[in-house]
Amino acid sequence: MANKTNKRTKSKKSNNLGKLPVWDLSDLYKSTKDKKITSDLNFVKKAYKKFEKKYEGKIKKLNGESLLKAILELEKISEKGSRIISFAHLLHSEDLENEKNKIFFQNIDEKITEYASSAVFFGLEINAIKENQLQKILKNKKLKKFQTWIKHLRTFKPYQLSKELEKLLLDKDITSSDAWVGLFDDTIASLRFPFRKKKLSSAEILNLLSEKNPSKRKEAAKSLGKVLGQNVKLFATITNTLAKDKSIDDKWRQYPNPVKAMNLSNDVEDKVIETLSKTVTSSYSKLSHRYYAMKAKWFGVKRLKYWDRNAPLPFQSKKTFKWNEAKSIVQNAYSSFHPDIGKIVKKFFDKSWIHAPVIKGKNPGAFSASTVPSVHPYILINYQGKVRDIATLAHELGHGVHQYLAANKQGHFNSDTPLTLAETASVFGEMLTFQSILKNENNQTEKKALLANKVEDMLNTVVRQISFFEFEKTIHTKRKNSELSIEEICSIWMKTQKESLGPSINFEEEYKYY
């Protein structure tokens with residue numbers, strides 16, 4: 001099977017949606033048996049060792065030109081390793097239940113992690129350079145290209161450990177946090193949800209929560225809650241273990257709070273995130289509470305059932321969009337903004353950089369993987385023909401265009417983008433597409449429905465994400481002191497959801513497992 005990964009057809013027929021594209025990963029490697037993988041792995045292994053031997057203990061003494069040379073050498077090695085891991089990750093994402101691809105991904109991850117540990121010293125030694133000395137070194141005009149990269153590296157200086165401990169934590173990630181996240185992903189992908197004599201994937205059952213038919217929504221919601229409840233012990237174990245693993249890491253590094261490490265990664269101050277969260281949570285009543293009260297009136301009820309939260313509005317059409325329609329809408333939206341951006345978007349469609357169909361075992365979410373500058377990004381979505389699916393496609397293409405341009409202009413190290421900036425590009429692309437759809441819609445009732453849908457999308461982008469943030473923050477804070485019971489986790493979840501969604505949403509018992 002692995003040898004045929006990229007020799008299969010580049011599209012898949014889906015009910016009423018036309019041919020949905022399947023990505024072609026051969027720009028990375030032809031298959032798991034590609035000899036280039038072996039040669040690239042050997043290069044990475046030897047190059048990291050050579051780099052370690054050449055530079056360890058010497059970084060403090062380098063001038064600007066020599067430090068630039070060292071960074072460029074490391075960047076080349078790192079990019080080669082990232083190319084291999086990108087291929088393994090994307091292949092695994094196609095079918096999380098494919099054992100051969102899973103093992104391939106795990107083996108690659110282990111090898112690249114082992115090889116990369118040889119370069120742990122580099123960041124530690126850059127951070128050991130005194131600030132006044134570093135400023136002199138950075139006067140080298142060519143080195144200025146990496147000034148932001150070095151600055152970001154140095155933000156972690158107060159929390160770094162010894163070289164031996166850093167290596168240990170890097171190696172142990174594979175069997176600690178990475179392993180538990182992998183178990184969660186594999187479990188979710190393998191779950192099947194009973195629905196009218198069928199067994200549906202998580203992507204398929206979640207899609208039914210925005211079905212027009214209320215009985216289908218209810219049945220799907222109940223099935224989802226039941227199956228999650230049947231697996232809740234495993235999910236609670238994963239949650240507790242991940243939170244404790246992070247707590248141990250935070251304790252050793254002396255991070256002041258559970259959010260600090262992520263904020264440093266995203267180049268954002270703790271106060272900014274605290275202010276954002278407080279502003280949104282204090283505005284719940286003006287945002288989500290107000291909207292869902294309006295939606296309940298449109299449905300002619302006092303309170304919406306939780307499975308009606310994303311339901312189509314009563315005055316909304318049942319239209320579904322074939323793939324070619326979605327492609328045209330999104331491509332035209334980007335092109336109308338700027339023809340050069342439109343040309344980049346066109347590449348994703350024309351060159352098989354998108355994986356769109358809902359397939360058994362496939363990652364149920366959506367993402368744009370930047371891979372490496374010498375190749376290009378790849379996008380994964382689960383397209384099912386709804387307006388929200390078009391929005392998701394536009395969103396991920398926003399990431400894709402950004403990644404494509406950043407990689408081409410900045411190189412491997414500098415193209416990595418903080419979440420705060422990355423989501424700006426994606427939401428911008430999503431709004432471009434929405435404005436285009438709205439502009440071309442002449443029916444006033446449909447316009448009202450489109451606007452309402454966009455309000456819901458923005459609530460999911462802002463209010464829902466902040467409520468998830470508050471949920472996770474509480475979990476991590478409480479887990480420092482004790483293992484959390486299933487009921488405690490469910491209780492924290494229900495509290496944050498009721499606060500964020502408001503009194504117009506009626507929750508039932510099984511929602512606590514969501």
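Helices α4 and α7 are oblique to each other in this predicted model, where oblique denotes angles outside the classes of roughly parallel (under 35 degrees), roughly antiparallel (over 145) and roughly perpendicular (65 to 115). The axes of α4 (residues 120-128) and α7 (residues 163-172) come within 10 Å and cross at roughly 135 degrees. Axes are lines fitted to C-alpha atoms, for helices over the stretch in contact, and angles run from 0 to 180 degrees between N-to-C directions. Helices are DSSP runs of H or I with at least four residues, and strands are runs of E with at least two, both numbered from the N terminus. The crossing of α4 and α7 is right-handed; a crossing is given this hand if the near helix is turned clockwise from the far one by less than a right angle, and is left-handed if the turn is anticlockwise. Helix α4 contributes V120, F121 and L124 to the contact, and α7 contributes K163, E166, K167 and L170, contact being defined as heavy atoms within 4.5 Å. By class, four of these residues are nonpolar, none is polar and three are charged. In this classification Ala, Val, Leu, Ile, Met, Phe, Trp, Tyr, Cys and Pro are nonpolar, Asp, Glu, Lys and Arg are charged, and the others, Gly among them, are polar.

Residues are numbered from 1 along each chain as its sequence is written. As the model is predicted, local features need pLDDT of at least 70 and side-chain atom pairs count only at pLDDT 80 or more, whereas totals for chains, interfaces and linings use all residues, and side-chain values use heavy atoms, with hydrogens and water left out.

A second helix pair is formed by α1 (residues 35-55) and α2 (residues 64-94), which pack at an angle of about 150 degrees with their axes 10 Å apart. These two helices are therefore roughly antiparallel to each other, and α1 passes α2 in a left-handed crossing. On the α1 side the contact is made by I37, D40, L41, F43, V44, A47, Y48, F51, K54 and Y55, and on the α2 side by K69, A70, E73, L74, K76, I77, S78, K80, G81, I84 and F87. The residues of this contact divide into 13 nonpolar, two polar and six charged.

The segment after β9 (505-506) contains E508, and E510 is placed in the segment after β9 as well. E508 is partly exposed, with a relative accessible area of 22%, whereas E510 counts as buried at 11%; buried means under 20% relative accessible area, exposed over 50% and partly exposed in between, with a 1.4 Å probe and protein chains only. Beyond residues up to four places away in sequence, E508 touches K222, K305, Y306 and W307. The side chain of E508 makes polar contacts with that of K222 at 2.5 Å and with that of K305 at 2.9 Å. A polar contact is a pair of N or O atoms within 3.5 Å; within protein, one must be able to donate a hydrogen and the other to accept it, and residues adjacent in sequence count only if both atoms are side-chain atoms. The side chains of E510 and K222 are likewise joined by a polar contact, of 3.2 Å. With neighbours within four places in sequence left aside, E510 is in contact with A221, K222, G225, Y306 and W307. The C-alpha atoms of E508 and K216, 292 residues apart along the chain, are separated by 16 Å.

Helix α10 (residues 214-230) contains R217, which is buried with a relative accessible area of 2%. Outside the four nearest places in sequence on either side, R217 touches L208, L209, E211, K212, F299, W307, D308, A311 and P312. In helix α19 (residues 444-479) lies A452, a buried residue with a relative accessible area of 4%. A452 touches Y291, W298 and L313, not counting residues up to four places away in sequence. The C-alpha atoms of A452 and L313 are separated by 8.3 Å, although the two residues are 139 apart along the chain.

Backbone geometry was also examined. Most residues other than glycine have a negative phi. R196, which is not a glycine, has a positive phi of about 45 degrees; R196 is found in the loop between β3 (193-195) and β4 (198-200) and counts as partly exposed at 41% relative accessibility. Phi of T371 is also positive, near 50 degrees. T371 is placed in the loop between β7 (367-369) and β8 (378-380) and is buried, with a relative accessible area of 11%.
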